[in-house]
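The report below describes how parts of one protein model are arranged. Please read it with the sequence and the coordinates open side by side.

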Amino acid sequence: MIDLATMKYGRGDQDIPAVNIEDVALIFEGGGMRASYTSAVAARLLEEDISFGHVYGVSAGASNAVNYLSRDIPRTEESFTGYVSSREHIGWHRLLTGRYFFDGPWIYEGAATRYAGTDDAMEFDWDMFCANPADVHIEAFDVESGDTVRWTKADMVDCADMMRKVRASSSLPGFMEPTVIEGRTYMDGGLSDNWGISLMPAIDDGFDRFFIVRSQPKGYRKKKANPLLTRLIASSLKDAPLVLEQIKRRSLGYNLLCDKIEELERIGSAYVFYPDEMHVSNHTTDIGALRASLAAGTEQAKREADEWKEWLGL
């Protein structure tokens, strides 16, 4: 049992954080390895002691969300750069041998065990995550039913279980194997009717102000699914027709959501962080490109931090 009154947590022997933003939802968009850029926003929020009480994330945004609750700046910054050099577990060569591009169990649950009890930057601070009074909301797509499943901290029984659910939210069709939890099969939360940005769940939770971290530049809209890519993915999803249906629907749903976000921004109900530029894709594995992406995100986040605090009333 953790004694919340006396214990300290995290790197640097941190005190339990006090939430200072209760009336604004923090929302991280997904985007695969594009989160190398937006992870810098999570790190900067921590550096500025901006502590949201409710954090939403889907796919790669789910990793940003749980890292933010762990208050671990080194891990937050390393999560999309620190493991990509492992040729055994990541890369196109894996597809040529009948495996998935990303070795999901190694990246997610494996990190919960291979770094446990170490000082490695990738060790997840589960104690701080639990002690942090903020809650987290992540999502995945149920392959068989087509439903969106939502998990909060109350649904995460230990670090490995939390990591498995983050993996489920991040299981990009064709690139990562589906995630099975208690007999249900899940794929990327970006396939849900929230299209990778959990704005509507935050509205349903009663919020009317939103700090939204996008992983695409302002004005970006998705094109219709590439027919060739869709066919390639379809070859691995013959038993998952609802996934294919969502892939075909995604550009329309996502673009309408972008319209909604821009309207909220226009009326002052949302602060939206947009990357100045985005030079990596959702499956980039070049370590130099990813570190450059992190550096660019770090520079932009530093430049905008005062504006964030002004909008949040800090």
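Helices (H or I, at least four residues) and strands (E, at least two) are here DSSP runs, numbered from the N terminus. By that reckoning the protein has 12 helices and 8 strands. The model is a predicted one, in which local features need pLDDT of at least 70 and side-chain atom pairs count only at pLDDT 80 or more, while totals for chains, interfaces and linings use all residues. Residues are numbered from 1 along each chain as its sequence is written, and side-chain values use heavy atoms, with hydrogens and water left out.

**Overall picture**

Of the 314 residues of the protein, 55% count as buried, a term that means under 20% relative accessible area, with exposed meaning over 50% and partly exposed in between (1.4 Å probe, protein chains only). The accessible surface of the protein comes to about 13,600 Å², and 51% of this belongs to carbon and sulfur atoms; accessible areas come from the Shrake-Rupley method with a 1.4 Å probe, and for residues only the protein chains shown count as cover. Contact means heavy atoms within 4.5 Å, and among contacts between residues at least 6 apart in sequence, 75% join residues at least 24 apart.

**Helix H1 and its two partners**

Two packed helices are described by the angle between their axes and the distance between the axes. The axes are lines fitted to C-alpha atoms, for helices over the stretch in contact, and angles run from 0 to 180 degrees between N-to-C directions. Helix H1 (residues 35–47) packs with helix H2 (residues 60–70) at an angle of about 20°, their axes being 10 Å apart. H1 and H2 are therefore roughly parallel, where angles under 35 degrees count as roughly parallel, over 145 as roughly antiparallel, 65 to 115 as roughly perpendicular and the rest as oblique. On the H1 side this contact is made by Ala35, Thr38, Ser39, Ala42, Leu45 and Leu46, and on the H2 side by Ala60, Asn64 and Tyr68. These residues divide into 6 nonpolar, 3 polar and no charged, with Ala, Val, Leu, Ile, Met, Phe, Trp, Tyr, Cys and Pro counted as nonpolar, Asp, Glu, Lys and Arg as charged, and the others, Gly among them, as polar.

The axes of H1 and helix H12 (residues 287–312) come within 7 Å and cross at roughly 40°, and these two helices are therefore oblique to each other. Among the residues that make this contact are Tyr37, Val41 and Arg44 of H1 and Leu290, Lys302 and Trp308 of H12. The contact of H1 with H12 divides into 10 nonpolar, 6 polar and 2 charged residues.

**Surroundings of H2**

Since 11 of the 11 residues of H2 are buried, this helix is largely enclosed by the rest of the structure. H2 is followed by arginine 71, whose phi is positive, near 55°.

**Two loop residues and one strand residue**

Serine 59 and tryptophan 195 can be set beside each other.

| Residue | Place | Phi | Relative accessible area |
|---|---|---|---|
| Serine 59 | loop between strand S2 (54–58) and H2 | near 55° | 8%, buried |
| Tryptophan 195 | loop between S6 and helix H9 (199–204) | near 55° | 7%, buried |

Arginine 184 lies in strand S6 (residues 184–187) and is partly exposed, with a relative accessible area of 34%. Arginine 184 and valine 143 are 41 residues apart in sequence and 8.0 Å apart in space, C-alpha to C-alpha. Not counting residues up to four places away in sequence, arginine 184 touches Asp142, Glu144, Ser145 and Thr179.
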